[in-house]
Amino acid sequence: MKGLWSNIMQALGQKHAKAKAPIYDAEDREGLRRAGRFNAELLDFIRPHVKAGMTTLELDRMVYEYTLDHGHTPACLGYKGYPNTLCASVNEVVCHGIPNKIPLRAGDIVNIDLTTIVDGWHGDSSETFLIEPVSDDARKLVQVAFDSMHVGIDAIQPYGKLTDIGRAIERFARLRGYSVVQEYQGHGLGHEFHQEPGVPHYVPKSGASQVILQPGMCFTVEPMINAGTWRTMLDKRDKWTVRTMDLSLSAQFEHTILVTESGAEILTVTADGPQPGHKF
């Protein structure tokens, strides 16, 4: 009966899936795992250096050199004209912050977003770091952002719906008084940096996605959680930096996820970073 039910659900998923998302086989999955492991290693490498007095430009240089020293490729560098290896988003910056020469200060929160190409496969993950001591408000925001990501990951089931992820995240964050950014979302990952399926972290008013999560899909879950409005604004000068519209704080965490026959496999688990249940 279990095998029959699995076959029925798989056929249903194939019939109704609308996203042109790649379905990866066993060999492909190993390539994705290697990329995810290195990206996690890279976050652990830079972790001790994300502290007061360091500049995000120095962090960028260190990540660039470490990546090349290990024979891999920084995916962000030159991607659609992006000028650096990592994205460093401080305080009210939601995402795509360009590294600069301004030292990090006590009280800051900073998201470090890394993407690496390993043997042709992409690994992508990010964390928000607290430059202690931080305010209680900043700490609570970072906690909700971290927990929101894992609530979304926990909602992933083979042959479930893509919308389950956004519904879980949006409900969790809103019940705690925070908003979820709608203009930016998670994305499929593989040989390409951004591909199907797109992964909203909320449920669009136009209707829930009918995309079915099939084993072999790979994508990121990376909710951006704001203390104020969910609306954002793009820096008109650099065309990359995204800030909250009201300049309130924003925090984000990201993992690369592989949907397997038994559930969600996190490909970017760090050895030294926060694990599910962590308290900041």
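This briefing covers one helix, two nonpolar cores, two sheets and one exposed residue of the structure above. The model is predicted, so local features need pLDDT of at least 70 and side-chain atom pairs count only at pLDDT 80 or more, while totals for chains, interfaces and linings use all residues. Residues are numbered from 1 along each chain as its sequence is written, and side-chain values use heavy atoms, with hydrogens and water left out. Helices (H or I, at least four residues) and strands (E, at least two) are DSSP runs, numbered from the N terminus.

**Helix α2**

- Helix α2 covers residues 26-46, which is 21 residues.
- The expected span of a helix is 1.5 Å times one less than its number of residues; for α2 this gives 30 Å, which agrees with the 31 Å between its end C-alpha atoms.
- Asp-25 caps the N-terminal end of α2, with a side-chain oxygen 3.2 Å from the backbone nitrogen of Glu-27.

**Nonpolar cores**

- A nonpolar core is a set of buried Ala, Val, Leu, Ile, Met, Phe, Trp, Tyr and Cys residues joined through side-chain atoms within 4.5 Å; buried means under 20% relative accessible area, exposed over 50%, and partly exposed in between (1.4 Å probe, protein chains only).
- The largest core has 32 residues, and Val-50, Leu-59, Val-110 and Ile-112 touch the most other members.
- Elements giving two or more residues to this core are α2, α3 (56-69), β2 (87-90), β4 (109-118) and β5 (121-130).
- Helix α2 gives the most, with six residues.
- Beyond its neighbours within four places in sequence, Val-110 is in contact (heavy atoms within 4.5 Å) with residues including Val-50, Ala-88, Leu-104 and Phe-129.
- A second, separate core of 31 residues includes Ile-109, Val-134, Phe-172 and Ile-257.

**Two open sheets**

- Strands of a sheet pair through backbone hydrogen bonds, either parallel or antiparallel; here, two strands pair if DSSP finds at least two bridges between them.
- One open sheet has three strands in the order β3-β12-β11, with antiparallel pairing.
- Its edge strands, β3 (93-95) and β11 (232-234), each have a single partner strand, so one side of each is left without a neighbour in the sheet.
- Two bridges join β3 to β12 (residues 242-244), and Cys-95 stands opposite Val-242 in β12.
- Another open sheet of three strands has the order β6-β10-β13, also antiparallel.
- Strand β10 (residues 224-226) pairs with β13 over three bridges, and Met-224 stands opposite Gln-252 in β13.

**Gly-277**

- Gly-277 lies in the segment after β15 (263-266) and counts as exposed because its relative accessibility is 57%.
- Gly-277 and Gln-143 are 134 residues apart in sequence and 9.8 Å apart in space, C-alpha to C-alpha.

How values were computed
Polar contact = N/O pair within 3.5 Å; in protein donor to acceptor, adjacent residues only side chain to side chain.
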